[in-house]
Amino acid sequence: MLSRRTVIMGAVAASVGIRRVAQAQSPPASAGGNAAPKTILRLQRRSIEVNGKPASVFGIRQPDGTFGLTTEVGKPFRVRVENGIDEPSLIHWHGLTPPWRQDGVPGISGPPIPPGGSADYDFPLRFGGTFWMHSHQGLQEQLLMAAPLIIRDQRDRPDQQDVVVMLADFSFTPPDQIFAALKKGAGMTMPAASGGDTSTAMKGAMPGMAKAGAAAQPDLNDVKYDAFLANDRTLADPQTVSVEPGGRVLLRLINSSSMSAFHIDLGRLDGELIAVDGFEIVPIRGRRFPIAVAQRLDIRVAVPHAAASYPVLAVLEGDRKQTGIVLVAGNGRVDRIAELAMMPSKPLTLDLEARLRAKRPLSVRKVDRVHTINLTGEMRGYVWSLNNVVWNKDVPPLPIAKGERVELVMINRTPMSHPMHLHGHEFQVVEIDGKRFSGAVRDTVLVPPGRRVVVAFDANNPGWWAFHCHLLYHLDAGMFTTFRYV
Ligand SMILES: [Cu+2]
């Protein structure tokens, strides 16, 4: 056991300095390592029921059954991950800024945890907000190896009830088969190469594959899912949460889907969007908000005084399929909610992104370095890349230097939207299609087809960091690169 842990973390303490960081940030009493108890997170197989059928999926739970972790800003993140599944795994703390050896990306920050092994994490939490954790190993995320990671701060108030809603897409087809079908199917459907009704045959043959001929037209979702989940459940049997009539609720919405974007539909509730990806914005009121893959929305709602039920729904992008939970005020009656919305939700745009303004923007300073990153790909063979380079271990990291203000210019040359995620740093959206503004600070931004989005960040966390599209099968196909600096 010890040696396995040493494999993961041994070199780290020596070279990058887990201990050094801990000592620098903690009161002297904690130097011995027993000031804050370690939270155990177990990676497990579990079974859930989807549409009346059993499904074997993964989960990340504490020994008492709690999914994921809720902690407080200022406390150290002191966690042991125990791998209880029969394959290697590694968990990424999405949106946090740990020392790079603790970032949880196999092959970049360290090796995966072998079955039966464990890994320890200990770093200070710089900020609060709604984050999440998920496997960065293979396609495990598709099997729900993900959980909430909530860091409470001054935004949390005693008179406000937290409701976490984790969205996910689900297929009974095993993820490796979905991926194989995408690679095979996409190659077969190039308009020039196919004779006509290939697409019909394909649909019958490949349960995981959505639309044929994707190369010819913009495509919203490569995969046809069997269900969409909110906290593991569909609208056939949604989670109901008791709330106080006249009370306040903070909805923490997390899109842990592998491939699916949604519009949040608050129905009769008025919402106030107060943070994106954990970071506060100048609040925006509304009843519908887009959420791309891997993004989070913190929405405050005032529950009306009348006893009633209030569904909080997520409508699939470009579709009528929906999922969600139900807030029940007093003895409000819960009616059955249709699994199809009245109207399909539109494809996600940057309209909201362009309106977001950071409450605490990055400092104003000159830009030291600009990297232009073209989002590229070909549907033939399901090839996804950055600057036409498909990721492999030999691709050199993009250069940056400690202390620099860096801007990433992302230009989408493909017919699909890509939610782009940077590890280890928060960034600020500073430009959309040539228009500069002081946009949201966040960790994942959507770049729709043909659009240009610029983000800025400060290189203040030396190490080797991943930067990638967060659509799982795009990431796995190679839409991934890294930054490295000392
Ligand atoms: Cu992508």
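Hi everyone, let me start with one pair of residues: V81 stands opposite A119 in β6. Those two sit on partner strands, since β4 (residues 76-83) and β6 pair in the antiparallel sense over seven bridges. By pairing I mean that DSSP finds at least two bridges between two strands.

Before going on, a word on the source. This is a predicted model, where local features need pLDDT of at least 70, side-chain atom pairs count only at pLDDT 80 or more, and totals for chains, interfaces and linings use all residues. Residues are numbered from 1 along each chain as its sequence is written.

So how confident is the predictor? pLDDT is its confidence in each residue, from 0 to 100. The protein averages 88, and 86% of the residues score at least 70. Two stretches need care. Residues 1-33 stay under 50 in pLDDT, with 35 contacts beyond four places in sequence. Residues 187-217 also stay under 50, and there the model has 51 such contacts. A contact here means two C-beta atoms, placed from the backbone, within 7 Å. Where pLDDT is low, the predicted coordinates should not be read in detail.

Now the overall picture. The protein has six helices and 31 strands; these are DSSP runs numbered from the N terminus, helices being H or I over at least four residues and strands E over at least two. Of the 486 residues, 46% are buried. Buried means 20 or more other C-beta atoms within 10 Å of a residue's own, exposed means 12 or fewer, and partly exposed is in between, again with C-beta atoms placed from the backbone. Among contacts between residues at least 6 apart in sequence, 75% join residues at least 24 apart.

Back to our opening pair. Their strands belong to an open sheet of four, ordered β2-β1-β4-β6, with mixed pairing. Because β2 (53-61) and β6 (118-124) stand at the edges with a single partner strand each, one side of each is left without a neighbour in the sheet.

Next comes an open sheet of six strands, in the order β10-β9-β12-β17-β14-β15, also with mixed pairing. Here β10 (227-230) and β15 (279-286) are the edge strands, each with a single partner, so each has one side without a neighbour in the sheet. From one strand to the next, the twist averages 25°, taken between lines fitted to C-alpha atoms, with angles from 0 to 180 degrees between N-to-C directions.

Let me walk across that sheet. β9 (residues 160-170) runs antiparallel to β10, joined by four bridges, and L167 faces A230 there. Further in, β17 (residues 296-302) has five of its seven residues buried, so it is largely enclosed by the rest of the structure. β12 (residues 248-255) pairs antiparallel with β17 over seven bridges, with L250 and R300 as bridge partners. β14 (residues 271-276) is also antiparallel to β17, with five bridges, and L273 stands opposite I299.

Which residues have the most contacts inside the largest nonpolar core? They are V165, L167, L253, L327 and V455, in a core of 124 residues. Such a core is a set of buried Ala, Val, Leu, Ile, Met, Phe, Trp, Tyr and Cys residues joined through C-beta atoms within 7 Å. Beyond four places in sequence, L327 touches residues including V241, V303 and Y310.

One last spot: D277 has a positive phi of about 50° although it is not a glycine. D277 lies in the loop between β14 and β15, and is buried, with 25 other C-beta atoms within 10 Å. Thanks for listening!

Technical notes. pLDDT = per-residue confidence, 0-100.
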